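Please read the following note alongside the sequence and the coordinates. It is written for a colleague who has not yet examined this structure.

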Amino acid sequence: MRSQAKHTQPLPLVEPHLPAAISGAERWHGYLWGVAAPFICTAIDWPLRHILGPASILMTFLLGVFLVASRYGRGASITASLLSSPVFAYYFAPPIFSFAISDLQNMLGLAVMIVVANLTSNLLDKSRAQAEIAWQRESRANALYRLSRALSDAQDNQTVAAIAIQHIHDQFQARTVLLFTDAHGDLHLPAAGPLSCSLRGADPAIARQAFQQRAVQQQAGLEYYPLQGSQSWPGVLAVRPDPVSVLSDAELSALFDTFRNLIAQALERLHLAGQARDAILQAEAEALRNALLSAISHDLRTPLTRIIGAAGALIDNARDFSADEKQDLYKAVIDEAQRMAELTSKILDMARLSSGEIVLHREWNALEEIVGSALTRLNKHLRDRPVRTQLPDSLPLVWIDAVLLEQVLVNLIENAVKYTPPGSPIDIGAEKTVRGLRLAVSDYGPGIEPGMEEKIFDKFYRAVAETQQSGVGLGLALCRAIVEAHEGTISAANLSGKGAIFVIELPVHEPPPLDFKETGLVE
C-alpha cells in the first residue's frame, strides 16, 4: 500500500543496541586486555619504583583494573584484578622477583584492590544495565511520539494503514496489514497497493472471526488482533513477527499494545469526524431544502396565482374590460412571468456554479461598458433613482466573463433598489489598487444589520421578511460564486453617513499587446 500524502512517511524507529551487549569476539578481546593490563602497569611503574611507594603502585594497578572494567565489563576486570596480585608481589613487594610477601601492609593492599575491583565492576555493570533500560525506554517513548504525530496528520483510513504498517515494521521488524471497517461494519483490506513491508497472505475469514469474537486469533504463523477504540472496534491488525516473535518480551508486548491503541484511536477519530461531517452536511441540506421549499411556496406561487387570476379574468370577462384594463392585465401576466423566469434562472445558475459546471467565457472588457450594460438592463427600475458613477479613464481592461460580471452588478443594484428609500441615490465607483481592481456599489439606505455582513452571502438568506420583499435569497450568494470563480473576493460593510457598500476585488491580468496591423490603423 502506498500512502498518498507526503507527510505520512514515518521516520525510522530502530531499537538501539548498546555497548553492554558484548559479542563473543569482543569478550575474548576483553580478557586479553585483562591479562595485559597488569603488565602494562608494571612497565609504567618499574622505572619509577624508587620514587613511588607500594601504595602508589597499587593505585596504578587499581586504575588499570577500573579501566578494563569500564570498557569490557565484569569478567575482564576480575581477570585483571586476580592477575594484578601475583604481578605486584613478584615485581614490587619485597622480596622482589618472588611471589612471597613479607609486608602485611602490601598483603592488605592487594586484598583491598581485589575487593575494590570487584565492587567497581559490579557498579559499572549495574549502571550500564540501567543506562540500557533508560535508552530503550526513551527510544520506545520516541517511537510512540512519532507514531502519534504521524497518525494525527492522517486524513483517511488508507493513510492510517500505511503509517501503521511502516512504523510497526521499523520498530518490531514485523510485517502487518490493517483491515478496517466500512459504514456497514464489514472488514476490508486497504484499496491502495501494498508497501514493501506489508503482510501478504492474511486470511480475511480469520480476521472477521477475530473481529466478531473480539479476541486474538492465530493461524499459520499469523496473529490477528482486533483493534478496540473508546466507543467502537474500528478494525483488525494482522501481524507476522519476523524472524521470531518480539512480543514475548513484556515491555515490547506493552509497547505493541500501545501501538495498537493509537492506531485504533486514529481510525475511530476519522470515523467520528466523518459522522460529524455527514451530520453537518445533512443539516445544511435540510436547511437548504426548507429554504428552497419556502421560496418556491411563496415567491413562485405568488406570481403563478397572479398570472392565473389575470388570465382567467381575461378569458371569462373579456367583454367587460376596456382596452386599458386589458392592457394592464396583459402587462401583469408578462411582469409576473418575467419575475418567475428570473427567480428560476437564479436557482439554476446557483446550482450550476455550486457544482462547478459553469465555464467562464473570458474576454478582455472595459469595466465602464459592463456597468453601462447593467444600468441599461435596469433602466425601468432606476427611473426615479439618481445613479452616480466614478469610473476613471485610466482603468485597465479586465479579463472576465462579461455576462456573468454584468449579472453581479445587476444583482447588487437590484438589492440597493429593494432595500433603500425611493429616490435615494446609488453610487458606483472603481479604482486600481495594489492588489488589482476595486469595484464598489453603495447606497443610502438603512445599511446591514451589524454582525450579518457575511451571513447575507449565504444561500436562501434574506434580510427582511418574505412579505416585505420578493426573492429567494440567492442574489448575493450568486454574486459571491461568480466573483470567486474569477479568483476575486466580494465583501459587504456599512459606510458612516451612508448605507451599505459592496466591494468587489478582481485580479488584474497583463493585457496582450495590441497589433496595429490587425486593427487596420497601419498598412
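The points below take up confidence, two sheets and one pocket in turn.

1. Basis of the note. This is a predicted model, in which local features need pLDDT of at least 70 and side-chain atom pairs count only at pLDDT 80 or more, while totals for chains, interfaces and linings use all residues. Residues are numbered from 1 along each chain as its sequence is written, and side-chain values use heavy atoms, with hydrogens and water left out.

2. Confidence. The average pLDDT (the predictor's confidence in each residue, from 0 to 100) is 79 for the chain, and 82% of the residues score at least 70. Over residues 1–21, pLDDT stays under 50, and the model has 49 contacts (heavy atoms within 4.5 Å) for them beyond four places in sequence. Where pLDDT is low, the predicted coordinates should not be read in detail.

3. The antiparallel sheet. Five strands (DSSP runs of E, at least two residues, numbered from the N terminus, as are helices, which are runs of H or I of at least four) form an open sheet in the order β2-β1-β5-β4-β3, with antiparallel pairing (at least two DSSP bridges between two strands). The edges are β2 (187–188) and β3 (217–219); each has a single partner strand, so one side of each is left without a neighbour in the sheet. Strand β1 (residues 174–181) pairs with β2 over two bridges in the antiparallel sense, and Phe-180 has His-188 in β2 as its bridge partner. Helix α5 (residues 157–172) packs on this sheet, where it touches β1 and β5 (235–241), and its direction makes about 155° with that of β1. Such angles run from 0 to 180 degrees between N-to-C directions of lines fitted to C-alpha atoms, for helices over the stretch in contact.

4. The mixed sheet. A further open sheet of five strands, with mixed pairing, has the order β7-β9-β10-β12-β11. Here β7 (387–390) and β11 (489–494) stand at the edges with a single partner strand each, so one side of each lacks a neighbour in the sheet. From one strand to the next, the twist averages 15°. Six bridges join β10 (residues 437–443) and β12 (residues 500–506) in the antiparallel sense, with Arg-438 opposite Glu-505 in β12. Helix α11 (residues 475–485) packs on the sheet and touches β11 and β12; its direction makes about 140° with that of β11.

5. Lining of the second largest pocket. Which element gives the most to this lining? Helix α7 does, with six residues.
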